[in-house]
Amino acid sequence: MRRAIGFTLIGIGAFMLAGFVLARYYVAPTLIGAPTDLYQVTRLQADGAAYFDAGKLTPRTGATVVATNTIRADVNAREDGFAVWDSTTVVQDTANGVTIELQKQRLAFDRRTGRLQNCCGAAVEGDKSVRQSGIGLFWPVEPEKKGLELFDTGTRRAWPMVFAGEERRDGVRTYRFVQRVPDTKIPSSLPAVPPELLGLPKGGAAVPVDRYQRSESTYWIDPRTGAPIDQQRHVVSTLRPQQGGAGSLVVADLDLKMTPESRKALLAKSDDGAAKIRLLETIVPLTFLGVGLFALAAGLALATGSGRLPRHRGATGGSPAPASR
């Protein structure tokens, strides 16, 4: 009977140890990654911003500008290991009722590494010919401190992210990364503008222009999940004559910072993600491991024992023999 129980425990122990390997090295990596059913809204705000009001052909300064980003996952377009998100960013001066810019991006990426893929209808401003590279809106689950490139939708290319140290943000230890995008011509087709808007003398012919943009962005990343929990961006966009020479027009000069409400929401999501990752990577596998080792050890002890009950010394019948003195 003891041997049968022992072999049963050995089987249970082997099953639990296999469960440990499966949970730690297959189930956890499969389940941990970017959500494929995400809906998320975040806002960045710039106080004292400057921009050009194209509707009224006048520059504005000291404005409060809000950039609202909305992400919707396309659950029908997801593939094995990949997620597909649609992102829309509306940059507005709500006080004056002016929409400064509308940005759209469709991105497909590896759910664990965040690496962008050129599939599934990925596009920038509807242009599917744009080759997206690096990472996008989703960062690696296990962020490294070097070798990262972040895709910039404005310039339509990836630029290096520099690790700038560890910093506590809202009580959480974070990795701080900085990306600097130099003055770069934006691929776009713009109408010619009156010369006086570029600071040139009035009365001349309209001037063909190109748009240039530079930016410096800082991201605070939760190393437990790879999720950004705060962000700041300083973006400067200008129009310049195509033929070079004097004259320019500042289209936007925005020092954008994430609103407290958005930071709080992102931190709550990151805390929830960290708890789930700990459950999948640590608690569940260690439970399998502990139970498996215990069952295996108990089973071996029972299976390799004599399996016989101890016998009393002395006669088999009558009263037991007295103890010797």
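**Salt bridges, cores and confidence in a predicted model**

The side chains of Arg211 and Glu101 form a salt bridge, with an N to O distance of 3.6 Å. This contact ties together distant parts of the chain, since Arg211 belongs to strand β11 (residues 209-222) and Glu101 to strand β4, 110 residues apart. The model is predicted, and its protein chain has a mean pLDDT of 88, with 94% of residues at 70 or more.

**Salt bridges**
- Across the whole structure, 19 salt bridges are found.
- In the Arg211 and Glu101 pair, Arg211 is buried at 18% relative accessibility, whereas Glu101 is partly exposed at 23%.
- Arg112, in the loop between β4 and β5 (116-117), and Glu281, in helix α2 (residues 260-303), are 169 residues apart, yet their side chains meet in a salt bridge of 3.7 Å, N to O.
- Asp222 and Arg224 are paired at 2.7 Å, N to O; Asp222 is buried with a relative accessible area of 0%, while Arg224 is partly exposed at 39%.
- Glu167, Arg169, Arg176 and Asp230 are joined into one network by salt bridges that share partners.

**Nonpolar cores**
- The largest nonpolar core comprises 16 residues, and Trp85, Phe109 and Phe138 have the most contacts inside it; β2 (58-73), β3 (82-93) and β4 (98-110) each give two or more residues to this core.
- Beyond its neighbours within four places in sequence, Phe109 contacts residues including Ala34, Phe82, Trp85, Leu116 and Phe138.
- A second, separate core has 14 residues, among them Ala63, Val65, Val98 and Ala252.

**Low-confidence stretches**
- Residues 306-310 stay under 50 in pLDDT and have one contact beyond four places in sequence.
- Residues 312-325 are also below 50, with zero contacts beyond near neighbours in sequence.

Methods: Residues are numbered from 1 along each chain as its sequence is written. This is a predicted model: local features need pLDDT of at least 70, side-chain atom pairs count only at pLDDT 80 or more; totals for chains, interfaces and linings use all residues. Side-chain values use heavy atoms; hydrogens and water are left out. pLDDT is the predictor's confidence in each residue, from 0 to 100. Contact means heavy atoms within 4.5 Å. A nonpolar core is a set of buried Ala, Val, Leu, Ile, Met, Phe, Trp, Tyr and Cys residues joined through side-chain atoms within 4.5 Å. Buried means under 20% relative accessible area, exposed over 50%, partly exposed in between (1.4 Å probe, protein chains only). Helices (H or I, at least four residues) and strands (E, at least two) are DSSP runs, numbered from the N terminus. A salt bridge is a side-chain nitrogen of Lys or Arg within 4 Å of a carboxyl oxygen of Asp or Glu.
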